[in-house]
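I sat down with this one to see what its inside looks like. Here are my notes, in the order I looked things up.

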Amino acid sequence: MKKILLTLAAITSLWTASQAQTSGGPDLYGYVWRDNNDPNGPTYNWIDITTLGDASQVSGLDDDNFVGPFSIGFPMHYYWYDVTNFWIGSNGYVGFNAGLLASGAQGFTTIPSTALPQNYVAPFLADLSLVPYSGANPAQVWRWTSADNDTLIVSWINTPFWANNNFSTTGTPDIDGSNTFQVIFSALDSSITFQYQSQIGASAATANYFTAGIENNSGSDGLQHVHDVYPTANTAVKFYYPASSTFQVNDASTLYVGNAESAGLFLAKDTATANAFPLTAEVKNTGNTSLASFNVGANIKNQSNVNQPLVGGGNTATYATGALTMGQTEAVTFPKTWKHATVGAFSFNVSTQLSGDATPTNNQKTCEIRVVDTSTTSTRLAFDNGVAAGNGIAWSGGSAGIGVEFPLPYSPVLLNAVHVFIAANATVPVGFYIKIYDNGGLNGAPGALLDSIFVDPSLITVGVYNDVVLPSPLTITSSSIYVGWLMGGEGVAIGQNTVAPFSNRMYEIFGQNWSPYRDKEIEDLMLNITIANPLSVGVKANSAAANELGNFYPNPSGNNVSIRLTSDKNNQRIDYKIYDMKGQLVAASKFFSIQGEQKVELPVSQLSNGIYTCVFNMNGKTINRQFNIVK
């Protein structure tokens, strides 16, 4: 009893000391914080956004995960840069770029820290749980942007701590306590305010269990309010943006490689130099000073990390940017291309090479490229290398899953089978579901459910890929397809692959919600598909019939593109649809043939920089060609 009393006394002493401090800072950039006990501080005024008609309840949050992106609604000044999108973390934080996982298993360090996560705001960074537990968890998260687009509020309501008990054996949720808090972003003065309505209970951890503060995009600067001391109810803490700052930052970053998400691609093996893969990216001046021209480097590496030869000579490419003002971006097309003539896994790497760069962590981006042989009867598409690591991924309650988006190397395809590596199963085995969706959702997200298959536990083998053959192959005409693996009960787990490169195309599925997989930047999950060429409705990209259509030229182009067509008929209608790399339909039209060879020009000057797939439908056949827009 004496030891307990002494511990309580120590906690009380820490709490008293933290409450005695009513302000803090400045950090290197000039932020300061004040609480409602400070004469110049904010007034505590809880804003119940759940009663506002235009507020949205956030779905998809679980344990140690995040969802997004969401639009802030205005350019929020944050340190020396503006942020416009945000992600919400289940563990009580808001991040400003994808992959910002703050995990209870790793603990929550002090701010600032060069350890991940970075570029985030943490009103209540702790090991919280939003696992639904069949409705037993009362936690809710809401977000609201004002009609004037000058205020964003994110509220966590009745959110418990994750507790160290066993739901599967006790039947009671792994949760304890209750916390209600919110963060308010204001465009009026660029301030950030934390408000705490209630705080009950404590984390199961005894060290690095709580942090509140803000941190920049490199972890080199930040302002902490408290660490390992919980806030009290009915308090407010406001972070004030500096009126001016002498902090100078030279920083160049790579925004994306190959496509806007730097997401993995499947390319058909092709030995033609004319069809070589264009090396594209986008870079940005993410500092607060103007930058003179700097170099950007690129290479293609194989699975053994060996640089590959490029069309144009050598195995690296360099691009010199123009001078960039603060916040300015520049589309990059390297003067060399890559001939994807060998089947295998490759990484397309781009890195800014600015001398004295302040944030090295944002210099490089990588896009995984898998080259596959589409001349065979069937082709297996996999982002993993077949080697499982860890114990597999599963969720308490047994009702969640993972999903993978598969960009297709040609279209249309027949989807014949799905392959799942099962890493573990319960003592009393349970089954799983395979669900297949098109990409017709908002911004190319999962859309219509195309098929759903349940795999009985008696048919599952642990430690190998389990082949799920579709009863009726699906004809897929879009540029990508989503495949989900859903647990049929507690204890079944899918394999993890931790060998780079990584696709950035992994998702977590909770109910109908797909959110980015928490570790998508450091692993792929072991879910594959097998496709085939639907000879009755289409042709292979390299078949003789496809030779009726040439390749686009000029390619890349800054304006319109042309293609040559050979037809044995006059007035044959030819339809075409153009898709971006996210699978979104961006243009569609038709034209009519003349007998013999003709040149057809497609008006694509309105398209932004990027790689596009054009799907032609002619003579009852479907043929696809790619072109690249660079302005």
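**Entry 1: the cores**

I began with the largest nonpolar core, which has 47 residues, and asked who touches the most other members: Tyr-78, Ile-88, Phe-185, Ile-192, Phe-194 and Ile-214 do. Strand 4 (residues 66–78) gives this core its largest share, 6 residues. For a nonpolar core I take buried Ala, Val, Leu, Ile, Met, Phe, Trp, Tyr and Cys residues joined through side-chain atoms within 4.5 Å. Buried means under 20% relative accessible area, exposed means over 50%, and partly exposed lies in between, with a 1.4 Å probe and protein chains only. There is also a second, separate core of 41 residues, and Phe-266, Trp-395, Ile-402 and Phe-406 are among them. In soluble globular proteins, nonpolar side chains tend to be buried together.

A note on the source: this is a predicted model, where local features need pLDDT of at least 70 and side-chain atom pairs count only at pLDDT 80 or more, while totals for chains, interfaces and linings use all residues. Residues are numbered from 1 along each chain as its sequence is written, and side-chain values use heavy atoms, with hydrogens and water left out.

Next I looked up the neighbours of Tyr-78. Setting aside residues up to four places away in sequence, Tyr-78 touches Tyr-31, Val-83, Phe-96, Asn-119, Tyr-120, Val-121, Ile-192, Ile-214, Glu-215 and Tyr-241. Contact here means heavy atoms within 4.5 Å.

**Entry 2: the whole chain**

I then stepped back to the fold. The protein has 2 helices and 41 strands; these are DSSP runs numbered from the N terminus, with helices being H or I of at least four residues and strands E of at least two. What radius of gyration does the protein have? I find 27 Å, which agrees with the value near 25 Å for a compact globule of 631 residues. That radius is taken over C-alpha atoms, and the globule rule is 2.2 Å times the number of residues to the power 0.38. Along the principal axes, the C-alpha atoms fill a box of roughly 90 × 65 × 50 Å.

Buried residues make up 54% of the 631. Among contacts with a separation of 6 or more, 71% are between residues 24 or more positions apart.

**Entry 3: strand 4 and strand 5**

Back to strand 4, where Pro-69 lies. The peptide bond from Gly-68 to Pro-69 is cis, with omega near 5 degrees. Which residue of strand 5 did I check against Pro-69? I chose Phe-86, which has its place in strand 5. The C-alpha atoms of Phe-86 and Pro-69 are 5.4 Å apart, with their positions 17 residues apart in sequence. Phe-86 is buried, at a relative accessible area of 0%. Leaving aside neighbours within four places in sequence, the contacts of Phe-86 include Gly-68, Pro-69, Phe-70, Val-94, Phe-96, Arg-143 and Leu-152.

Between strand 4 and strand 5 (81–89) I stopped at Tyr-79, which lies in the loop. Tyr-79 has a positive phi, near 50 degrees, and is not glycine. Is Tyr-79 buried or exposed? Tyr-79 counts as buried, because its relative accessibility is 0%.

**Entry 4: other backbone oddities**

A second cis peptide bond joins Ile-111 and Pro-112, with omega about 0 degrees. Pro-112 is in the loop between strand 6 (93–95) and strand 7 (120–125). Asn-443 has a positive phi too, about 55 degrees, and sits in the loop between strand 27 (432–437) and strand 28 (449–455). At 46% relative accessibility, Asn-443 counts as partly exposed. For background, most residues other than glycine have a negative phi, and most peptide bonds are trans.

**Entry 5: two loop tyrosines**

Tyr-517 is in the loop between strand 33 (513–516) and strand 34 (524–525), and is buried at a relative accessible area of 1%. Beyond neighbours within four places in sequence, Tyr-517 contacts Phe-66, Ile-393, Met-506, Tyr-507, Glu-508, Glu-523 and Leu-525. Tyr-230, in the loop between strand 13 (222–227) and strand 14 (235–240), is buried as well, at 15%.
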